[in-house]
2 protein chains.
Amino acid sequence: MVEGIRVTGVVDAVAEALRAAAIGGELEPDRPVTEAWVAARFAVARPSAKAAIEKLVGEGVLERAAHRSARVRRLDADAVRDVYRTRRRIESAAIRELAATRSRPDAAAEADAEIATHLGGSSVDIVDPDLRFHSAIVDALGSERTSRAYRSLIEEVRQCMAQVQGRGLISVDTILAEHERILELIAAGDAEAAVAVLAEHLGRAEERLAAAVAAP
Amino acid sequence: MVEGIRVTGVVDAVAEALRAAAIGGELEPDRPVTEAWVAARFAVARPSAKAAIEKLVGEGVLERAAHRSARVRRLDADAVRDVYRTRRRIESAAIRELAATRSRPDAAAEADAEIATHLGGSSVDIVDPDLRFHSAIVDALGSERTSRAYRSLIEEVRQCMAQVQGRGLISVDTILAEHERILELIAAGDAEAAVAVLAEHLGRAEERLAAAVAAP
DNA sequence: CCCGGTATACTTGTCTAACAATCTGGAGCC
DNA sequence: GGCTCCAGATTGTTAGACAAGTATACCGGG
């Protein structure tokens, strides 16, 4: 292999690079990603390329049928809705538990602070801190399995964002205001109100993203 | 390969057989599962055995460090608690949504009917229908991602059951009564009461299993 | 002109063989 | 007794090969 540092192994490195390429939008959803192409692209043997591809298929980043080339999975409107409904389920549960102990997740507040620095800028720049805010709420539970389940959803959202390339985003002001309201309600111990704000927050994002994905 | 029918491919078949062996308790958690052993056991080449092992590592059934043999993952009390807390989060969300539309999941009722046929028998026999009851509630949402997240938890529970070999189970009567109460409350639209029963139901199972896992 | 069947090229699935890298465990030495 | 080092075992990676399956292009018939 010629590029990338070898941290754990060739397969993992290639898988990581491929994932970044898929999420970054460098791999269009419809072009086939053959084992030979991956092997040549990263200068590894075909079995290694195969293993990396299969790892990403297992994670849901790529998809492939038997004897067919892998592709970056294209997310349709139904998939977006499913992702967001599942997000809402997990985040609502997290908010309820956090509100019960009135524990304000610090990492979420920090992500909000970063969003605030982009108040005048483009919505694209806050995709990352926004996802970090939501992840921070879930991670505050300290549950390995809950966090893992949520992380895979976030990865899908990120991939989806790359697919629509910034179309259908919400204004930075609205996002920030709702985030802070959620944190306030958690600190106040008002779980139901916080969940209601979250439902609206995610619901609007869901609608926008679903529409953007459905558009040409 | 010499045994097993070839449905999709050698790797998947081996992975499936290995998973069954792990869940069924035929593979003790501490004995190393080497690639060579798997290859010999199922009469496949070592790369195929390797791929099957890595697939299960990705699913969390096996674990392995770099250059070390894989092992069946041993679940400790903390893992059991994490699994059950995550279960409660997902199931609670499912129950709330089902209660909102007062839709009684038929598949769950069917699983309960099967539990009822074992009223006098051993608690071990109802592990499967019990897990099916809970899965049916989640599956009733019709959400691919929520179901997938929940299924991986159920697999861990199943593996854990094999590990403790029937110790620490709850009486069949209690389980059945609570299941039916949950279904009633869902049908009545009383989400909070249903969630409360579920929390107690899962909480008790969590305590029992955690204790059984911690015991020698 | 369109339709269907065949042939070909491409891709994946699997295996054999080999070597490098790394870890484990014990023998030997201080 | 503790430490070092070596040999065996295991995994990591590669190369090459062949089989099997799929898609596509092509060609003949209707």
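**Exercise 1. Which residues are the closest to DNA strand D in this predicted model, and which elements supply the surface near the strand?**

Start with the neighbours. In this predicted model, 19 residues surround DNA strand D, and the closest are A:Val10, A:Ser48, A:Arg68, B:Arg46 and B:Lys50. Next, look at the strand's side of the meeting: 76% of the atoms of DNA strand D that come within 4 Å of the protein belong to sugar and phosphate.

Now take individual atom pairs. A polar backbone atom of A:Val10 is 2.4 Å from a phosphate oxygen of DNA strand D. The side chain of A:Arg68 also reaches a phosphate oxygen of this strand, with a polar atom 2.7 Å away. B:Arg46 goes to a base instead: an N or O atom in its side chain is 2.9 Å from a base oxygen of DNA strand D.

Finally, map this onto elements. Helix H1 (10-23) and H3 of chain A, together with H3 of chain B, each supply at least two residues of the surface near DNA strand D. H3(A) gives the most, with three residues. By class, this surface has five nonpolar, six polar and eight charged residues.

**Exercise 2. Which residues come nearest to DNA strand C, and which element gives the most to the surface near the strand?**

Begin again with the neighbours. Of the 19 residues around DNA strand C, the nearest are A:Arg46, A:Lys50, B:Val10, B:Ser48 and B:Arg68. Among the atoms of DNA strand C within 4 Å of the protein, 76% belong to sugar or phosphate, and the rest to bases.

Then sort the contacts by what they touch. On the base side, a polar side-chain atom of A:Arg46 lies 2.9 Å from a base oxygen of DNA strand C. On the phosphate side, an N or O atom in the side chain of B:Ser48 is 2.2 Å from a phosphate oxygen, and a polar side-chain atom of B:Arg68 lies 2.9 Å from a phosphate oxygen.

The elements giving two or more residues to this surface are H3 of chain A together with helix H1 (10-23) and helix H3 (46-59) of chain B. H3(B) gives the most, with three residues. By class, you will find six nonpolar, six polar and seven charged residues here.

**Exercise 3. How much area do chain B and chain A bury between them, and how many salt bridges cross the interface?**

First, the extent: 20 residues of chain B are in contact with 20 residues of chain A. The two chains bury about 1700 Å² between them, 38% of it on carbon and sulfur atoms. B:Asp82, B:Arg89 and B:Arg145 supply 41% of the area that chain B buries against chain A, more than any other three residues.

Second, the polar part. The rule finds six salt bridges across the interface, and 18 residue pairs in polar contact. One salt bridge joins A:Arg89 and B:Glu97, with the closest N and O atoms 2.6 Å apart.

Third, the elements. On the side of chain B that touches chain A, helix H4 (77-100) and helix H7 (144-164) each supply at least two residues, and H4(B) gives the most, with nine. The residues on this side divide into seven nonpolar, three polar and ten charged.

**Exercise 4. Where does A:Arg102 lie, and is this residue buried or exposed?**

A:Arg102 lies in the loop between helix H4 (77-100) and helix H5 (106-116) of chain A. Although not a glycine, A:Arg102 has a positive phi of about 50 degrees. Its relative accessible area is 51%, so A:Arg102 counts as exposed, the cut-off being over 50%.

Conventions. Residues numbered from 1 in each chain as written. Chains lettered and ligands numbered in written order. Predicted model: local features only at pLDDT ≥ 70, side-chain atom pairs only at ≥ 80, totals over all residues. Heavy atoms only, no water. Contact = heavy atoms within 4.5 Å. Buried area = accessible area lost by both parts, 1.4 Å probe. Salt bridge = Lys/Arg side-chain N within 4 Å of Asp/Glu carboxyl O. Polar contact = N/O pair within 3.5 Å; in protein donor to acceptor, adjacent residues only side chain to side chain. Helix = DSSP H or I, 4+ residues; strand = E, 2+ residues; numbered from the N terminus. Nonpolar A, V, L, I, M, F, W, Y, C, P; charged D, E, K, R; others polar. Buried < 20%, exposed > 50% of the residue type's maximum accessible area, 1.4 Å probe, protein only. Near = heavy atom within 4 Å.
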